[in-house]
Amino acid sequence: MGDYLNPGSRKFKQGLDSPIYVDKSKLIAQTNQIINTKQCYACLSRPRRFGKTMAVEMLNAYYAHGEDTGSVFTGLEIERDPSFSEHLNKYNCIFIDMQEFLSDSPNVEEMLVLIHETLLAEFEEEFPGIVFKNKSRLTQIMKDAYNFSKRPFVVLIDEWDCVFRVHKDDHASQEAYLDFLRMWLKDQEYVALAYMTGILPIKKKS
């Protein structure tokens with residue numbers, strides 16, 4: 001398990017142990033309906049303190065390969081759903097808090113480079129048997145990993161809209177960021193599900 005590739009269920013377990021935890025696990029039944037379909041792209045835009053991050057942590061704990069998390073969901077609503085066992089721990093999962101990468105970068109261009117370099121390092125650690133065809137292209141890295149493992153990806157992005165909030169007047173950087181997301185995720189065979197959260201409606205940001 002890595003920090004961003006199949007990062008494990010610890011954060012969701014912390015949420016489960018919190019006294020204010022509310023069971024929202026039926027969300028998984030909804031994402032199971034769109035996973036591996038043409039409608040596998042979801043963006044949840046909600047106000048702050050709405051439980052968006054905890055929901056993403058839950059999806060990661062459910063979908064990510066490398067850890068048997070069936071017992072983590074014992075007693076939750078999703079356990080009784082017919083689709084529960086079908087998708088449990090069946091995917092390579094990438095979980096990114098975009099605000100973290102933006103905070104560690106002087107600008108959006110450097111943020112995108114940091115994402116690329118960080119994921120490449122984790123892919124090389126996770127898949128030591130792969131000879132990547134082109135390490136300069138994240139899409140090719142993902143394709144090589146998918147072809148090698150035969151396991152599609154669930155991509156989870158928290159705070160997807162931070163670029164628009166922090167660099168609200170830098171339209172060139174906003175476009176570069178959107179182009180990055182389109183190239184990485186849109187119509188790619190390796191994507192089983194792309195789920196993003198933020199507070200800005202994605203429709204207003206192209």
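Trainee: Why is Asn60 counted as buried?

Mentor: In this predicted model, Asn60 has a relative accessibility of 2%, and since buried means under 20% relative accessible area, Asn60 counts as buried. Its place is in helix α3, residues 52–63, and, leaving aside neighbours within four places in sequence, Asn60 is in contact with Pro7, Gly8, Cys93, Phe95 and Leu156.

Trainee: What makes Cys43 partly exposed, and what makes Cys162 buried?

Mentor: The relative accessibility of Cys43 is 30%, and because partly exposed covers the values between under 20% and over 50%, Cys43 counts as partly exposed. Cys162, by contrast, has 0% relative accessibility, which is why Cys162 counts as buried under the 20% cut-off.

Trainee: How do you know that Cys162 is too far from the closest cysteine sulfur for a bond?

Mentor: The sulfur closest to that of Cys162 belongs to Cys43 and is 12 Å away, whereas a disulfide requires a pair of cysteine sulfur atoms within 2.5 Å, so the separation is too far for a bond. By this rule the count comes to zero disulfides, and Cys43 is accordingly in no disulfide, with the sulfur of Cys162 as its nearest cysteine sulfur.

Trainee: Which residues touch the most other members of the largest nonpolar core, and which element supplies the largest share?

Mentor: Among the 40 residues of that core, Met111, Phe123, Phe153, Tyr177 and Trp184 touch the most other members. Several elements each supply at least two residues, including β2 (92–97), α7 (138–149), β3 (153–158) and α9 (171–185), but the largest share, seven residues, comes from α6. Leaving aside neighbours within four places in sequence, Met111 is in contact with Met98, Phe101, Leu102, Ser105, Val163 and Tyr177. Apart from this core lies another, of 26 residues, among them Phe12, Ala61, Tyr63 and Tyr91.

Trainee: How many cavities of 30 Å³ or more are counted, and which residues line the largest?

Mentor: The count comes to one cavity of 30 Å³ or more, and the largest cavity has a volume of about 30 Å³. Its lining consists of Met1, Gly8, Ser9, Asn60, Ala61, Ala64, His65, Glu67, Thr69 and Asn89.

Trainee: What makes the lining of the largest cavity divide into three nonpolar, six polar and one charged?

Mentor: Met and Ala count as nonpolar and Glu as charged, while the others, Gly among them, count as polar; therefore Met1, Ala61 and Ala64 fall in the nonpolar class and Glu67 in the charged one, and the remaining six are polar.

Methods. Residues numbered from 1 in each chain as written. Predicted model: local features only at pLDDT ≥ 70, side-chain atom pairs only at ≥ 80, totals over all residues. Heavy atoms only, no water. Buried < 20%, exposed > 50% of the residue type's maximum accessible area, 1.4 Å probe, protein only. Core = buried A, V, L, I, M, F, W, Y, C linked by side-chain atoms within 4.5 Å. Helix = DSSP H or I, 4+ residues; strand = E, 2+ residues; numbered from the N terminus. Contact = heavy atoms within 4.5 Å. 1 Å grid on protein atoms, 1.4 Å probe; cavity = no way out; pocket = protein on both sides within 12 Å on 5 of 7 lines; lining within 4 Å. Points joined across faces, edges and corners; volume = space filled by probe spheres on them.
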